[in-house]
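Colleague: Could you walk me through this model, from the overall build down to the ligand and one of the sheets?

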Amino acid sequence: MTTRVGVALTRNGVDEAVHQAMAMADCDGCIGLAAKVLVKPNLHGGDGFTSMEVIKAVVHWASRMGASQIVVGDGPYYGMDDAFPYFERIGLVRLCDEMKVSLVSFHDSDYDEIVPNLEALPQTLGITKWVRWADAVVSVPVMKTHFNTLTTLAMKNLKGFLRPRDKRDLHSRDLHLALAAIGWLVRPTVNIIDGFVAYEGMGPSNATPVDMGVVVASQSTFHADVVANWLMGFDPATVRYLREAEKLGCGTLPRSDDDVAALTGCSLRHLQRLRRQFQHPYEAAERAYPNLRISAELACSGCLMNLFTALRDLAGEGLAERLTGTVAIGKAPEAVDLALGNCTCACWGDTEHLVGCPPLIPQIAEALRKLAQNPA
Ligand code: SF4
C-alpha cells in the first residue's frame with residue numbers, strides 16, 4: 001500500500017477526474033483481472049450522499065481495470081430497515097440498472113462477526129459479508145462536515161460496513177477513538193473521496209452543497225482523509241479522529257502544508273488554489289438557530305438526521321429565531337429543555353422528552369414548535 005494521494009479536478013468531466021486521481025495515487029494496479037469488486041459509496045439515508053456521477057465513474061474505472069463483477073452497496077443509518085426506497089429516490093436503482101451492476105443493502109445480508117480486541121470498539125463487530133465476497137473494495141465517501149466528528153470522509157465511511165447495532169453502539173463510545181480503530185482494522189483497497197459536490201455546515205444530512213469540483217484518491221484511508229481535511233480548510237493535526245489514528249499507527253500527520261503537498265505530488269501553490277474554508281457545523285447551526293443550543297456529541301445519524309430535518313421545517317415556518325433553549329439527542333451530559341430519542345431518556349427522567357429510536361420527524365417538529373411557542 002502506498003500513501004500517495006491523487007487530487008484531480010472534475011472540470012473536464014468526473015470520469016476523467018476519477019481516472020486521473022486513481023493513476024496519481026498508484027491505484028490502477030489494485031484491481032486484478034477478473035476481480036470481484038465492491039463499490040461502497042456513502043448512502044447514509046439522508047441528503048449529502050455520494051453523487052451518482054462519481055459512483056458511475058468509479059464503476060467505469062473498475063471495469064476498465066478488469067473487474068469481472070461489480071456490486072454497489074451500503075448500509076444506511078441505524079433505524080432505516082429498508083434502504084431500497086431511499087436508493088430509488090436518489091436515482092441509484094436506475095443507475096445500477098443502466099450500468100448492469102448489482103445493488104445491495106448490507107442490512108439485507110449476513111455479517112461476519114470478528115473480535116477486534118481493541119478497547120475503543122465493542123467486544124465483537126459484524127462486518128458485511130460483501131467485504132469477504134470481494135477481491136477488492138473501493139470506498140467512495142463524500143466530502144462533508146459532520147456534527148460529531150467535524151468531517152466525514154474515508155475513515156467515517158468505513159462505519160457503513162458494520163451491522164446496525166454496532167453503528168449505534170459506536171455512538172455511545174468515544175467516536176473519534178472508535179473511528180481510528182475501525183480505520184486501523186478495515187482497509188479498503190482504494191478510497192476515492194467525492195468532492196465533485198461537497199457539503200459544508202450542518203452535516204451529515206442538512207449541510208449546504210459546495211461546488212468543490214475535486215476528487216481525492218488513495219490506497220491509504222488515513223492519508224486520503226489528511227488531504228481532504230486540508231482541502232476543506234481544516235488543519236489535519238487538529239482533527240481528533242486523525243490524531244487518534246496516528247497513535248494507532250495508521251500514518252503520520254503532516255507537520256506543515258508542504259508535507260500535505262508532498263503526499264499529493266502537486267505543488268503547494270496548485271493545492272492552495274483548490275483549498276476552501278468549509279463552514280464548521282456548530283457555527284452554521286448557531287447562525288441558523290441563534291438562540292438554540294444543540295447537544296449531540298453522543299448521538300448517531302438516525303437522531304441527527306431527523307432533528308435537522310425537523311429544524312429545517314421550522315426554519316421554513318419562520319420559527320428559527322424563536323427556538324430558545326437546549327435540545328439534546330444521544331446521551332446528553334447536562335440538563336436540557338428538550339430531550340429527543342431513547343438514549344436521552346435514560347439520562348434525564350424529568351426533562352420533556354420524546355421516545356423513539358430515532359423519534360419521527362413530525363413528532364420532533366411538533367416538540368420544537370412547542371419550544372418556540374413557550375421558550376425555556
Ligand atoms: S435514540 Fe437516537 S441516538 Fe439513540 S440509538 Fe436511537 S437513533 Fe441513535
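Modeller: Happily; what follows is a short round of questions and answers on this predicted model.

Colleague: Let's begin with the whole chain. How many helices and strands are there in the chain, and what is its radius of gyration?

Modeller: The chain holds 16 helices and 16 strands. For 376 residues the globule rule gives 21 Å, and the value here is close to that, so the chain is as compact as a globular protein of that length. The radius of gyration is 20 Å.

Colleague: What percentage of the residues count as buried?

Modeller: As a frame for that, the C-alpha trace spans about 60 × 45 × 40 Å along its principal axes. Among contacts between residues at least 6 apart in sequence, 70% join residues at least 24 apart. The share of the 376 residues that count as buried is 53%.

Colleague: Now the domains. How far apart do the C-alpha centres of domain 1 and domain 2 lie?

Modeller: Domain 1 covers 5–274 and domain 2 covers 289–373. They touch through 16 residues of domain 1 and 16 residues of domain 2. On the domain 1 side, the touching residues divide into five nonpolar, nine polar and two charged. The distance between the C-alpha centres is 29 Å.

Colleague: On to the ligand. Which residues are the closest to it?

Modeller: In total, 15 residues surround the ligand. By character, this shell divides into eight nonpolar, six polar and one charged. The closest are Gly302, Cys303, Gly341, Cys343 and Cys357.

Colleague: Which helices each supply at least two residues of that shell?

Modeller: At the level of domains, the shell draws at least three residues from each of domain 1 and domain 2. At the level of helices, two elements each supply at least two shell residues: H14 (301–316) and H15 (342–345).

Colleague: I'd also like to look at the four-stranded open sheet. Which are its edge strands?

Modeller: The sheet runs in the order E13-E14-E15-E16, with parallel pairing. An edge strand here pairs on one side only. That description fits E13 (292–295) and E16 (353–354).

Colleague: And which residue in E16 stands opposite alanine 339?

Modeller: Strand E15 spans residues 338–340, and alanine 339 falls in that range. E15 pairs with E16 in the parallel sense over two bridges. Opposite alanine 339, in E16, stands histidine 353.

Note on methods:
Residues are numbered from 1 along each chain as its sequence is written. This is a predicted model: local features need pLDDT of at least 70, side-chain atom pairs count only at pLDDT 80 or more; totals for chains, interfaces and linings use all residues. Domain bounds come from an automatic or database domain assignment. Two residues are in contact if their C-beta atoms, placed from the backbone, lie within 7 Å. Ala, Val, Leu, Ile, Met, Phe, Trp, Tyr, Cys and Pro count as nonpolar, Asp, Glu, Lys and Arg as charged, and the others, Gly among them, as polar. A residue is near a molecule or strand if its C-beta atom, placed from the backbone, lies within 6 Å of it. The radius of gyration is taken over C-alpha atoms; the globule rule is 2.2 Å times the number of residues to the power 0.38. A residue is buried if 20 or more other C-beta atoms lie within 10 Å of its own, exposed if 12 or fewer, and partly exposed in between; C-beta atoms are placed from the backbone. Two strands pair if DSSP finds at least two bridges between them.
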